[in-house]
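I opened this structure to look up its nonpolar surface and interior, and then its backbone angles. My entries follow in the order in which I went through them.

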Amino acid sequence: MRKRVAVVGGGIAGLAAAVRIRDRAPADTEIIVYEQSGRLGGKLRTGELAGSTVERGAESFLMGGPDGGESAAVRFVRRLGLGDRIVHPSAVPAALAIGGVLQPVPKGTLVGVPGDLSLLGAVARPAAGLDRDEGRPLLDPGADVAVGALVRARFGDEVADRLVDPMLGGVYAGRADRLSLATTMPALARTARSEHTLTAAVRAAQAAAARVPGRPVFGAVDGGMTQLVAAAAAATGARISLGLPVREIARTPHGWRLLLGPVPAPQTDDVDAVVLAVPARPAARMLAGVDLSAAAEIEALDYASVALIAIALPPGTPLPDLSGFLVPPTEGTLVKAATFFTHKWAHLHREGGPVIIRASLGRAGEEQRLQPPDPVLATTAHAELGRLLGGELPPPVETWVQRWGGGLPQYAPGHLDRVALARAALSDRPGLVLAGAAYDGVGIPACVASGESAADDVLKHLEER
């Protein structure tokens, strides 16, 4: 009998799951992708500004994976026939905006955590004598801790505030004092369970990292991430349902039943398996009728809101020879990071074209600061960028604002244990699996890998039925 699989959530994790199922399941397997919004792609969205392509969400992906091979994102791009469209950023450095000066990002750090304190320069002064060998590993086996707590205890406040916080904030929009070491920096967590000092743990993690000489660190798709989304959607061979929310999931004697659409006139869909690839809170609501313990573990995950502001400046506007800069929270600005888009991505530079900056606004806990209307946020970003660059910027040619309310999961210490408990609770409910950034990490490679892993679980379940 033909099998039916529902993928709830049309972001990159859900699409990766659907492609994997299409590739490996029997040809007559029916796949339905349910996406509540009117578009696929989740946080992957390409926009246009003053005739140039500018991402409204994730702008790039890591090229390498933890094992030294290609990342899950690169393999996925190649699977979709887009390998020849991978482009790489220019080899220009990034900076930190500290006290009105753009300081080079120190070399030899691991997501901002230094392995050599002598290389910090004017960025931060490490506290003396804290990183002592006390005769035992930094972390107990299986333990987790906030990144900020570990760095402050070993290097002092300046290193945490001026270097680690903005680096983590650039990825997660979170604060180092609230983010899990085991989740955000797993390589460092592993070495911290054997090394006795943080410096030694960083160096051990760096030495263990698999590197391929000459391979670029980041890549993107020429033409924008929307190309990736469209190619993935086509490769699924799925029926795509947009704008129809899944409200409940219930077990049936033969599989799973989805309750769809508005309350007054609900629809149902019976399937053999479900990949649940939506953010934590909607996932918890759907799971409430399936397993309360799994729902409770998932619902505990918090999210941060951010806004992206793209600003097109007149052709020839001078900018530092950088890819962009990060801003520590101690500077008090709403802008937490800026990318000099047409400097960083050479394929977007056009002779006589605009100079484009994309700024990221808002950190965890700053939702109120993001409430002003779009024109006010754009004006604020423009003014703050000018001050951070040491002068006023010329009036913009064009701008747009992209808001991602509740867009980035905040992995508190113990996150991995909570996810493991949720998945364990669902293990006796075969055919229902979780995927996405809420569980397995932000970034395109992590989301693709999460979706593919969920697909493998579904495929195993279908084989056993």
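I began with the surface of this predicted model, where I found that Leu62, Val217 and Phe218 form a nonpolar patch whose accessible area comes to about 260 Å² together. Of these residues I looked up Phe218, which lies in strand β11, residues 218-221. Phe218 has a relative accessible area of 37%, and because exposed means over 50% and buried under 20%, I entered Phe218 as partly exposed.

I then turned to the interior. The largest nonpolar core holds 132 residues, and the members that touch the most others are Phe61, Leu228 and Val275. A second core, separate from that one, has 26 residues, among them Ala95, Ile311, Leu322 and Phe325.

Which residues is Val275 in contact with, leaving aside its neighbours within four places in sequence? I noted Ala6, Val7, Val8, Ala17 and Ile21, and further along the chain Val433, Ala435, Ala454 and Val458.

My last entries concern phi, which is negative in most residues other than glycine. Ala50 has a positive phi, near 50°, and sits in the loop between β3 (46-49) and β4 (52-55). Ala173, also not a glycine, has a positive phi of about 55°, and I found Ala173 in the loop between α4 (157-172) and α5 (181-184).

Are these two alanines buried or exposed, or in between? Ala50 has 21% relative accessibility and so counts as partly exposed, whereas Ala173, at 0%, is buried.

Terms used. Residues numbered from 1 in each chain as written. Predicted model: local features only at pLDDT ≥ 70, side-chain atom pairs only at ≥ 80, totals over all residues. Heavy atoms only, no water. Core = buried A, V, L, I, M, F, W, Y, C linked by side-chain atoms within 4.5 Å. Buried < 20%, exposed > 50% of the residue type's maximum accessible area, 1.4 Å probe, protein only. Contact = heavy atoms within 4.5 Å. Helix = DSSP H or I, 4+ residues; strand = E, 2+ residues; numbered from the N terminus. Patch = residues over 30% accessible without salt bridge, like charges linked within 9 Å, V, L, I, M, F, W, Y side chains within 5 Å. Areas by Shrake-Rupley, 256 points an atom, 1.4 Å probe, with all protein chains shown as cover. Salt bridge = Lys/Arg side-chain N within 4 Å of Asp/Glu carboxyl O.
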